[in-house]
Every structure is written in C-alpha cells, then in structure tokens.
Amino acid sequence: MAQAQYLRHFRANSIDKVAERNRSYYDKYTEDIQRVKNIIHYLQTEKVMLPSGGIISIARFRQLGIEFGFHGGIDRVHDIILRLATDLDYCGYFTRPTLAEFESMQVFDNSPLYALLHEAIYLQGDHASNWSADRIMKEHPAFMNLSTSNDEPIFFTGEMIYPSMFRDYIELRNLAPTADILAQMTSWPPLYNTERLAHNDVPVYASIYIDDMYVSYDFARETAMKIKNCKSFITNAMYHDAIGAAGKSEEVFRQLFGLRDDVMD
C-alpha cells in the first residue's frame, strides 16, 4: 500500500528524526523557545505578506525545519528566527529585508515539481497518498502544540508537503487543482523492478547516513541490500547533504572510491 509505505517512512524519519533535530535546535538555542512563541503569536493575529505575494502562515513558518537535516541548518534557522524576533522587538512588524531572507530559504516557489511530486514518488499500486503527511502529522501531539502560553517548545516540521502550501506559496497556487488530482490518484506503476535489481551487474557505491532526516536509514539499508553489486559507506558523522557540503564532500568521495578499489575476495 502506498499509504502504508509513506506512513512507515514518515514515522521512521519525520516523527523520530525531525523531533530529535527540534530538540537539538532548542538545546543549542534555548532562548529561541520564547522567540518562536512570540513569532507564532504574531502570526496568529496578523496576516503577513511576503515580497513575492506569498503568505507566511504558521504552517509555512514551521516549514523552516526542513533546514534541520542539512549541515549548518540549525544555525541558519536560528539566524532567521533572531532576525524575525528582533524586527518584532524593535519595529513591531517584520521588515522587508527580513521577509526577503525568509523567503529565500524556502525553495518551493522556484521548484514547483518538488511540491507536486514529493508524495507521489512513494506511490505504487492502487492507493492514493491523500495528503499523507498532513493527515499523519495530526496523530502526533508534539507537532500539534502551538501554545504560546506554556513552556513547551513549538516544533518545526520537516520535508513534508501540505495542501496549505498551495495557498501560501504564490507560484504553487495555480497548481492546487493538479496537486489534489495527484493526491487522489489510485493507479501507479511499480516503482522498481526488484528482480532486475537483484541481478544487477553494474557496480554501485552508495553513501548511507544513519542520522539522515530525509531518508530513513532502515529504508536505505534495505534498498541497498536488494541491489546486487552494491557496496555502502555508512556513517553517523554526516547528514543528507554531505556530498555537497563544505568540508564533507571530499571525505564522502574518498570513502566511495575506497569501496570501488577495495577487494574483499
């Protein structure tokens, strides 16, 4: 079942890893607990327009958490939270430069296919996604807390797509009907030819990150084991974007070329 596959992936990563990264964020920047609450409170009472014409809803604000899975992502989120909070403290509203910076951190206006196909890439068989992340998220109280009057931190979300995004992001608005059609589709071909992969004769070298916030470690290991002639470099010292991250990519390629050159038998 497509929904079951997404449910498994979502719980393996978005519930455990995203919650874990939220805790890491607030452990590092404890003062941001109140700053985030102040920003949420403002968004609860004010409609904030972005320079492009999009909207910062509470849901869109919390989508900053997608950064948590990248090297340096926690610091980047802190930087924009500090700017937003400082604007409120000194101006009583968000300034245009801060809003422009906020908007630049979110890619969906420039990458609409990312939003349209993110859940669809998991689908096969006769089951619809039916906005799986949106529905499953509501089952987990830690991610539903939006109280600005208690001491509990408000969690950011991760790499998830919601129907509200097709209202909040200006370049996605005209795609809302298409997104809903895709969410309701119940006819999908198989994602992989597992029999062919089991007989693969092309050498494959994969990097797998134990603490990857976007790709389930268990899924990645399971997939790699189904591909004949696949060797894996597994580490808990890097995140999802290591292959392109400063100071990390050289080590990733060194390990992968090491797998190529290694002879086990």
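# Exercises on a predicted model

The salt bridge between R35 and E31 brings their closest N and O atoms to 3.7 Å from each other. The structure is a predicted model, and the exercises below are solved from its atoms.

## Exercise 1: Salt bridges

Task. Determine which accessibility class R35 and E31 belong to, and which network they join.

Solution. Begin with R35: its relative accessibility is 23%, so R35 counts as partly exposed. Next, E31 has a relative accessible area of 42% and is therefore partly exposed. Finally, salt bridges with shared partners connect E31, D32 and R35 in one network.

Task. State whether R60 and D109 are buried or exposed, and where in the chain each of them lies.

Solution. First, R60 and D109 form a salt bridge whose closest N and O atoms are 4.0 Å apart. This pair links distant parts of the chain, since R60 belongs to helix α3 (residues 58-62) and D109 to the loop between α5 (96-104) and α6, 49 residues apart. As buried means under 20% relative accessible area, the values can now be judged. R60, at 0%, is buried. D109, at 15%, is buried.

Task. Find which class applies to each partner of the salt bridge between D134 and K138.

Solution. The closest N and O atoms of D134 and K138 are 3.6 Å apart. D134 has 21% relative accessibility and counts as partly exposed. K138 has 54% and counts as exposed. For the structure, the count of salt bridges comes to 9.

## Exercise 2: Aromatic pairs

Task. Describe the geometry of the pair F143 and F155, and explain why the pair ties together separate parts of the sequence.

Solution. The search of the whole structure yields 13 aromatic pairs. In the pair of F143 and F155, the centres are 5.5 Å apart and the planes make an angle of 70°, which is edge-to-face. F143 is in helix α8 (residues 141-144), whereas F155 is in the loop between α8 and α9 (165-168), so the pair ties together parts 12 residues apart in sequence. Both F143 and F155 are buried. Elsewhere, ring pairs link Y25, Y26, Y29, F61, F68 and F156 into a cluster.

## Exercise 3: Strands and the crossover

Task. Establish how β1 and β2 run, and which hand the crossover between them has.

Solution. Strand β1 (residues 204-209) and strand β2 (residues 230-235) are joined by 6 bridges and run parallel. One residue of the pairing is S207, whose bridge partner in β2 is F233. From β1 the chain passes through helix α12 (residues 217-225) to β2, a β-α-β crossover that is right-handed.

Task. Locate N229 and W131, two residues with positive phi, and give the accessibility class of each.

Solution. N229 sits in the loop between α12 and β2. Its phi is near 65°, a positive value in a residue other than glycine. With 40% relative accessibility, N229 counts as partly exposed. W131 is in the loop between α6 and α7 (132-137), and its phi is near 55°. W131 has a relative accessible area of 12%, so W131 is buried.

## Exercise 4: Helix α6

Task. Decide whether L113 and L116 are buried or exposed.

Solution. L113 lies in helix α6 (residues 112-117), and L116 lies in helix α6 as well. L113, at 57% relative accessible area, is exposed. L116, at 12%, is buried. On the surface, L113, L117 and I121 form a nonpolar patch with about 290 Å² of accessible area together.

Terms used. Residues are numbered from 1 along each chain as its sequence is written. This is a predicted model: local features need pLDDT of at least 70, side-chain atom pairs count only at pLDDT 80 or more; totals for chains, interfaces and linings use all residues. Side-chain values use heavy atoms; hydrogens and water are left out. Two strands pair if DSSP finds at least two bridges between them. Helices (H or I, at least four residues) and strands (E, at least two) are DSSP runs, numbered from the N terminus. A crossover is right-handed if, with the strands pointing away from the viewer, the path from the first strand over the helix to the second runs clockwise. Patches are made of residues with over 30% relative accessible area and no salt bridge: like charges are joined within 9 Å, nonpolar side chains (Val, Leu, Ile, Met, Phe, Trp, Tyr) within 5 Å. Accessible areas come from the Shrake-Rupley method with a 1.4 Å probe; for residues, only the protein chains shown count as cover. A salt bridge is a side-chain nitrogen of Lys or Arg within 4 Å of a carboxyl oxygen of Asp or Glu. Buried means under 20% relative accessible area, exposed over 50%, partly exposed in between (1.4 Å probe, protein chains only). Rings of Phe, Tyr and Trp (its six-membered ring) pair if their centres lie within 6.5 Å; planes under 30 degrees apart count as stacked, over 60 as edge-to-face and the rest as tilted.
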